[in-house]
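Me: I would like to go through this model and ask how each label was earned. Could you set the values against the definitions for me?

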Amino acid sequence: MTFALTPERERELVEILARYPTEHSKMAACIPALHLCQDQIGWCSDEVVTFVASRLDLPAAHVKGVVTFYSLFNQRPVGKHQLWVCRTLPCALRGAGEVLAHCEKRLGIKAGETTADGAITLRTAECLASCSTAPMIQVDKVYHENLSLPQVDTILDRLQKG
Amino acid sequence: MLKQTNYLTKVYGLPDGWTLPVYERESHGYEAARRALTTMSPADVVTEAKKANLRGRGGAGFPMGVKWSFMKPHAKKPAYLVINADEGEPGTHKDRTLMERNPHAVVEGCIIGCYAIGAHVAYIYVRDELHLSKERLWQAIREAKEKGFLGQTPFGKDYAVDVFVHTGAGAYICGEETSMLNSLEGRRGEPRLKPPFPAQSGAFGCPTTVNNLETIAAVPTAFLLGCEDFSKLSAIHTLNDGGVRLFGVNGHVNKPGVYECAVGLTLRELIYDLGGGITGGKALFAVIPGGSSTPVLRAEETVNAPDEKSPAHPWHGKSVLDVPLGVDTFRSLGTMLGTCCATVMAEGTDPVAAFHNLMQFYRHESCGQCTPCREGSGWLSRIADKLLAGTCSMQELDSLYDIASNIMGNTICAFGEGTAMPALGFLKKFRGEFEAYVRGERSGRDARLNIGSAV
């Protein structure tokens, strides 16, 4: 199955290309282009790699190399929602371990896994620059900070409903 | 001393504080850039900037004005300004507040910076996770453009300036400047050998200045006040460490947060006055002064600086908590100021578990390009695993020194030092606790810090 960006995202890609010096713009747009593709289907499949390579005149090996370097490019499908618990020391000092354990118990999965209904992928993240509002979790593109366990429940309830 | 200021943070928390009208009303928004572009030559701007004694806020503490002066016009190549907003050093949470709450200071700083170094384009490299930061920066750029502060003729001056936001995709190493440049160019974020330094060959092979986000956001304030007066706000401006900066405090304190103060604040003031003291009324155990790569200090440590030439000499024999937080003062203590965001640990915190948590971070984030770092960070992390599991021998504990020492100086970038220094710091300061684990006298005492590595 081939991949193509939606017309709206394709327009955005054209805008992105104009931000960089002309002779370097296709290479420079590689990471932003992969973000656009991942926004569309949730992960960077081989079809996405092929599309980006051909759209930007880059070797597919280069694009794949970029995908495998950066931890936010998913190399396999993920749940409808992604939830990251920050695990690093400043959050850990303020109870990130309890937050993660609570999420694992509620969702019945371990960090790195996706719920059976495909709704939520639970992940852990390295420091998300939210140390003074710890513990925190990131849900898709939104930060939730200064969390108590009941607040974590509220977030999980909302995600499980829709 | 404790001189709280609000040059950068005045708009924090105000309704629509991140928008242009509020920035103009509250912070004399864009007056500094207007003055610089319409009344000064680029060379004048650099000369003035040097007087600010503004030490880079990203961790290395290099003087901003001096860095700008390295930029020489190239006959054929354009110049670039790249702003490092890949904030990801564990314990560091200051740049995000600026992007979310005062993005116009960043954009205005970029205009002055571009003009000073001969660039017409600035890229702000923001880590991908900071979606709100990116949104606010883009909005600020749009607003500035509509007002004619950006674009072909900012403030009517025939000197085009454009600012773009570029995002990474999750890699701590991209906070290293050459790795960031590779990532900006669309490559894997692996650091480059220096030389050539970015000022000779940076973004797209062109002369480039890389400034930390807080550094560039402080530029309008420095120019508004006059750079010399800005410098003198600092209690240690005679140590060429001038101005005001953001101080972060996190971990076991009652009021974790980001506070703006004159440079020269002490750790004691940061922890007890601004941070509201230790949670639960406990005693302070240890503090990591400025991000996880800066070696840890024990609460009871005193300054050992008998040499009169040492910047820390005036505090010789006193508590390390009473030394002004400065680039050179903290280097003299055998640690670093880093990003000036302190991670506080109360009594009862297990330093071996804290070490284990951080070693997992470094193993996960090593880019893998250099063998000593790739293998060394994994090895450190595996021995930390064994320590917590109670299966580490004394010989293996000693090997931590060898492994860490063999990373230092043997890698392309400073990530190697950033891994080895905190490892050696924990070992040196908490040898007794580490040995207790080996002898089986302690085990997994603070398992709450053991969360597994990122997945």
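Me: What makes up the contact between chain B and chain A, and how many residues does each give?

Reply: The contact takes 50 residues from chain B and 41 residues from chain A. Two residues are in contact if their C-beta atoms, placed from the backbone, lie within 7 Å. This is a predicted model, in which local features need pLDDT of at least 70 and side-chain atom pairs count only at pLDDT 80 or more, while totals for chains, interfaces and linings use all residues. Residues are numbered from 1 along each chain as its sequence is written, and chains are lettered from A and ligands numbered from 1 in the order in which they are written.

Me: Which element of chain B supplies the largest share of the side that touches chain A?

Reply: Helix 13 of chain B does, with six residues. Strand 3 (162-167), helix 8, strand 5, strand 6, strand 9 and helix 13 (351-365) of chain B each supply at least two residues of that side. Helices (H or I, at least four residues) and strands (E, at least two) are DSSP runs, numbered from the N terminus.

Me: How do the residues on that side of chain B divide into nonpolar, polar and charged?

Reply: There are 20 nonpolar, 21 polar and nine charged. Ala, Val, Leu, Ile, Met, Phe, Trp, Tyr, Cys and Pro count as nonpolar, Asp, Glu, Lys and Arg as charged, and the others, Gly among them, as polar.

Me: Why are strand 6 and strand 8 of chain B said to stand at the edges?

Reply: The open sheet of five strands in chain B has the order 6-5-9-7-8, with mixed pairing. Strand 6 (257-262) and strand 8 (297-298) of chain B each have a single partner strand, so one side of each is left without a neighbour in the sheet. Two strands pair if DSSP finds at least two bridges between them. Strand 5 (residues 244-251) and strand 6 of chain B are joined by six bridges and run antiparallel; in strand 6, E260(B) is the bridge partner of L246(B).

Me: What makes A199(B) partly exposed?

Reply: A residue is buried if 20 or more other C-beta atoms lie within 10 Å of its own, exposed if 12 or fewer, and partly exposed in between, with C-beta atoms placed from the backbone. A199(B) has 19 other C-beta atoms within 10 Å, so it is partly exposed. A199(B) sits in the loop between helix 8 (177-184) and strand 4 (208-212) of chain B. Leaving aside neighbours within four places in sequence, its contacts are F70(B), M71(B), P207(B), T208(B) and T209(B).

Me: Why is helix 6 of chain B called largely enclosed?

Reply: 15 of its 15 residues are buried, so helix 6 of chain B is largely enclosed by the rest of the structure.

Me: And how do you know that the span of helix 6 (residues 103-117) of chain B agrees with what is expected?

Reply: The expected span of a helix is 1.5 Å times one less than its number of residues. For the 15 residues of helix 6 of chain B that gives 21 Å, and the end C-alpha atoms are 21 Å apart, so the two agree. Just after helix 6 of chain B, G118(B) takes a positive phi of about 85 degrees.

Me: What can you tell me about chain A by itself, starting with how many helices and strands there are?

Reply: Chain A has eight helices and four strands. Buried residues make up 41% of its 162 residues.
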